[in-house]
Amino acid sequence: MNDVADACEIKAGTQYLYEQGKRAPNADYLDKLFELGFRPHVLLPNATLANDQCDIQHLREAFIQADQDCRDKEGRLLDLEHRLSRFLDLLTEIQSPSKQAAQK
């Protein structure tokens, strides 16, 4: 835990809160985790099980978009529940071509 926190330039206590789901990381943190070699199924197992198209790039894009979408007028992040909801909505929008064709 401390090695990951150090590599991501955050405090160990913050890392702990991220791992416990008590605090949501920002896109910079997620990018650093990907650079360290962490994979989506480790970070977000439920999201990757729900969608066969969830690779690292899709997760990164959804996370960054949710991070950008979920800010108030002053640029502060909205509450965790709102950000998580937006992130999950973005993930469910990622569909394989066969699923999209079946829906038409």
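Here are some short exercises with worked solutions on a predicted model of a single chain.

**Exercise 1. Describe the overall make-up of the chain: how many helices and strands does the chain have, and what share of the residues is buried?**

Solution. Start with the secondary structure, which comes to 8 helices and 0 strands. Reading along the sequence then gives the pattern α-α-α-α-α-α-α-α. Next, look at burial: 29% of the 104 residues count as buried. Turn to the surface, where the accessible area is about 7,000 Å², with 49% of this belonging to carbon and sulfur atoms. Finally, consider the contacts with a separation of 6 or more: residues 24 or more positions apart account for 45% of them.

**Exercise 2. Work out how H3 and H6 are placed: at roughly what angle do their axes cross, and which residues make the contact?**

Solution. First find the two helices: H3 covers residues 27–36, and H6 covers residues 56–69. Their axes come within 9 Å and cross at roughly 165°. Angles over 145 degrees count as roughly antiparallel, so H3 and H6 are roughly antiparallel to each other. The crossing is left-handed. Now list the partners: H3 contributes Ala27, Leu30, Asp31 and Phe34, while H6 contributes Ile56, Leu59, Arg60, Phe63, Ile64 and Asp67. Sorted by type, the residues of this contact are 7 nonpolar, no polar and 3 charged.

**Exercise 3. Do the same for H6 and H7: are the two helices oblique or roughly antiparallel, and which residues meet?**

Solution. H7 spans residues 80–93, and its axis comes within 9 Å of the axis of H6. The two axes cross at roughly 140°. Because this angle is not over 145 degrees, and is outside the ranges for roughly parallel and roughly perpendicular, H6 and H7 are oblique to each other. The crossing of this pair is right-handed. On the H6 side, the residues are Leu59, Ala62, Phe63, Gln65, Ala66 and Asp69; they meet Arg83, Arg86, Phe87, Leu90 and Leu91 in H7. By type, the residues of this contact divide into 7 nonpolar, 1 polar and 3 charged.

**Exercise 4. Take Asp67 in H6: is Asp67 buried or exposed, and which residues does Asp67 touch?**

Solution. Locate Asp67 in helix H6. The cut-off for buried is under 20% relative accessible area. Asp67 is at 12%, so Asp67 counts as buried. Leaving aside residues up to four places away in sequence, Asp67 touches Asn26, Ala27 and Leu77. Ala27 belongs to the H3 side of the contact with H6.

**Exercise 5. Consider two arginines of H7, Arg83 and Arg86: how does each count for burial, and what does each touch?**

Solution. Begin with Arg83, which lies in helix H7. With 14% relative accessibility, Arg83 counts as buried. Arg83 is 16 residues from Asp67 in sequence, and their C-alpha atoms are 7.1 Å apart. Beyond residues up to four places away in sequence, Arg83 touches Ala24, Ala66, Cys70, Leu77 and Leu78.

Move on to Arg86, also found in helix H7. At 25% relative accessibility, Arg86 counts as partly exposed. Arg86 and Gln65 are 21 residues apart in sequence, with 8.8 Å from C-alpha to C-alpha. With residues up to four places away in sequence set aside, Arg86 touches Ala66, Asp69, Cys70 and Glu93.

To finish, put the two lists side by side: Ala66 and Cys70 appear among the residues touched by Arg83 and among those touched by Arg86.

Methods
Residues are numbered from 1 along each chain as its sequence is written. This is a predicted model: local features need pLDDT of at least 70, side-chain atom pairs count only at pLDDT 80 or more; totals for chains, interfaces and linings use all residues. Side-chain values use heavy atoms; hydrogens and water are left out. Axes are lines fitted to C-alpha atoms, for helices over the stretch in contact, and angles run from 0 to 180 degrees between N-to-C directions. Helices (H or I, at least four residues) and strands (E, at least two) are DSSP runs, numbered from the N terminus. Angles under 35 degrees count as roughly parallel, over 145 as roughly antiparallel, 65 to 115 as roughly perpendicular and the rest as oblique. A crossing is left-handed if the near helix is turned anticlockwise from the far one by less than a right angle, and right-handed if clockwise. Contact means heavy atoms within 4.5 Å. Ala, Val, Leu, Ile, Met, Phe, Trp, Tyr, Cys and Pro count as nonpolar, Asp, Glu, Lys and Arg as charged, and the others, Gly among them, as polar. Buried means under 20% relative accessible area, exposed over 50%, partly exposed in between (1.4 Å probe, protein chains only). Accessible areas come from the Shrake-Rupley method with a 1.4 Å probe; for residues, only the protein chains shown count as cover.
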